[in-house]
Amino acid sequence: MRVVIAEDNVLLSTGLELLLTRVGFQIAAIAEDAAGFLTAVRDHQPDVTIVDVRLPPSFRDEGIRAALEARREHPGLPVLVLSQYVEQQYAAELLATTGGGVGYLLKDRVSRVDEFVDALRRVAAGGTAMDTEVIAQLLAHRRDPISVLTPREREVLALMAQGHDNNTIADRLVITDNAVHKHIGNIFQKLGLAVTDSGHRRVLAVLAYLNGAGQIAGN
């Protein structure tokens with residue numbers, strides 16, 4: 001599985017390269033700026049990309065802008081964004097794209113090797129990987145709609161937003177699959193979202209709604 005990394009911090013990019021190579025990934029290229037990242041994606045057509053939100057020269061939003069442009073050029077290109085802080089606007093823009101394979105993690109997640117590798121594999125497979133802190137802030141951002149949910153439904157929603165399937169949610173919360181299915185039905189009904197069994201589409205719909213992108217209708 002070929003990876004293109006966009007990260008200007010040499011220590012972090014080198015660490016990512018060593019870590020991912022050790023667990024079976026192939027690093028196709030490491031770019032230090034947005035232009036280099038876009039060129040690397042075009043040249044190597046990677047299976048998944050890792051992008052820092054802030055890249056030279058201004059260290060503001062070059063990375064996420066490059067990631068969005070890359071997904072426009074290559075629909076469905078899996079992108080895992082790394083950020084030092086939770087930046088809701090950028091998370092929203094990334095989630096608003098279609099085609100699957102999106103993730104947003106805080107950089108300290110890299111030190112949790114198993115979690116990070118699992119998240120990257122999930123994104124590469126077309127799934128979603130959202131940092132729990134990002135989810136918490138998105139939930140807080142839309143406090144009113146979420147107030148109609150029970151505490152258990154909020155727990156289920158948070159796990160859904162991380163990209164977990166029903167079986168995993170049941171295991172995490174120590175409840176039955178039927179209970180999870182019922183909670184999800186209640187969540188979609190209360191939030192006015194169409195019910196769909198498509199895991200990634202379901203996650204994007206919920207997160208888009210929570211982040212103020214408007215009510216999403218399922219297909």
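These notebook entries record what I looked up in a predicted model of one protein chain.

**Entry 1. Overall composition**

I began with the secondary structure and found eleven helices and six strands in the protein chain. I then checked burial: of the 219 residues in the chain, 50% are buried. For the contact pattern I took pairs at least 6 apart in sequence, and 64% of these contacts join residues at least 24 apart.

**Entry 2. The largest pocket**

I next turned to the largest pocket, whose volume is about 260 Å³. Its lining has 14 residues, and those closest to the pocket centre are Glu-115, Arg-122, Met-130, Gln-162 and His-164. I sorted the lining by class and noted six charged, five nonpolar and three polar residues.

Which element gives the largest share of the lining? Helix H5 does, with five residues. Helix H5 spans 113-124, and both this helix and strand E6 (128-130) supply at least two lining residues each.

I also asked where the largest pocket lies with respect to domain 1 and domain 2. Domain 1 covers 2-140 and domain 2 covers 151-217; both contribute to the lining, so the pocket lies between them.

**Entry 3. Lys-107**

I looked up Lys-107 and placed it in the loop that runs between strand E5 (102-106) and H5. Is Lys-107 buried or exposed? Its relative accessible area is 19%, and the cut-off for buried is under 20%, so Lys-107 counts as buried.

I then listed the polar contacts of its side chain. One, of 2.9 Å, is made with the side chain of Asp-52. Another, of 3.5 Å, is made with the side chain of Glu-7. Both acidic partners recur in the contact list of Lys-107, which, with neighbours within four places in sequence left aside, holds Glu-7, Leu-12, Asp-52, Leu-82, Ser-83 and Gln-84.

**Entry 4. Backbone features**

I searched the backbone for a cis peptide bond and recorded the one from Pro-56 to Pro-57, with omega near 5°. Pro-57 sits in the loop between strand E3 (48-52) and helix H3 (62-73).

I also noted residues with positive phi that are not glycine. Gln-45 has a phi of about 45°. This residue belongs to the loop between helix H2 (34-44) and E3. Its relative accessibility is 55%, and since exposed means over 50%, Gln-45 is classed as exposed.

Val-174 is a further case, with a positive phi of about 55°. I located Val-174 in the loop between helix H9 (166-173) and helix H10 (177-191). At 70% relative accessibility, Val-174 is likewise classed as exposed.

**Entry 5. Ala-40 and Glu-17 with respect to Ala-29**

I examined Ala-40, a residue of helix H2. Its relative accessibility is 7%, so Ala-40 counts as buried. What does Ala-40 touch when residues up to four places away in sequence are not counted? I found Val-4, Ala-29 and Gln-45; Gln-45 is the residue whose positive phi I noted in Entry 4. For the pair Ala-40 and Ala-29, eleven residues apart along the chain, the C-alpha separation is 6.3 Å.

I repeated the check for Glu-17, which is in helix H1 (residues 10-22). Glu-17 is partly exposed, at 32% relative accessible area. Its C-alpha atom is 9.6 Å from that of Ala-29, twelve residues apart along the chain. Not counting residues up to four places away in sequence, the residues that Glu-17 touches are Ile-27 and Ile-30.

**Entry 6. Gln-26 and the start of the chain**

My last look-up was Gln-26, in strand E2 (residues 26-31). With a relative accessible area of 47%, Gln-26 is partly exposed. How far apart in space are Gln-26 and Arg-2, C-alpha to C-alpha? I read 4.7 Å for this pair, which is 24 residues apart in sequence. Arg-2 also appears among the residues that Gln-26 touches, together with Met-1 and Val-3, residues up to four places away in sequence not being counted.

Definitions and conventions
Residues numbered from 1 in each chain as written. Predicted model: local features only at pLDDT ≥ 70, side-chain atom pairs only at ≥ 80, totals over all residues. Heavy atoms only, no water. 1 Å grid on protein atoms, 1.4 Å probe; cavity = no way out; pocket = protein on both sides within 12 Å on 5 of 7 lines; lining within 4 Å. Points joined across faces, edges and corners; volume = space filled by probe spheres on them. Helix = DSSP H or I, 4+ residues; strand = E, 2+ residues; numbered from the N terminus. Nonpolar A, V, L, I, M, F, W, Y, C, P; charged D, E, K, R; others polar. Domains from an automatic or database assignment. Buried < 20%, exposed > 50% of the residue type's maximum accessible area, 1.4 Å probe, protein only. Polar contact = N/O pair within 3.5 Å; in protein donor to acceptor, adjacent residues only side chain to side chain. Contact = heavy atoms within 4.5 Å.
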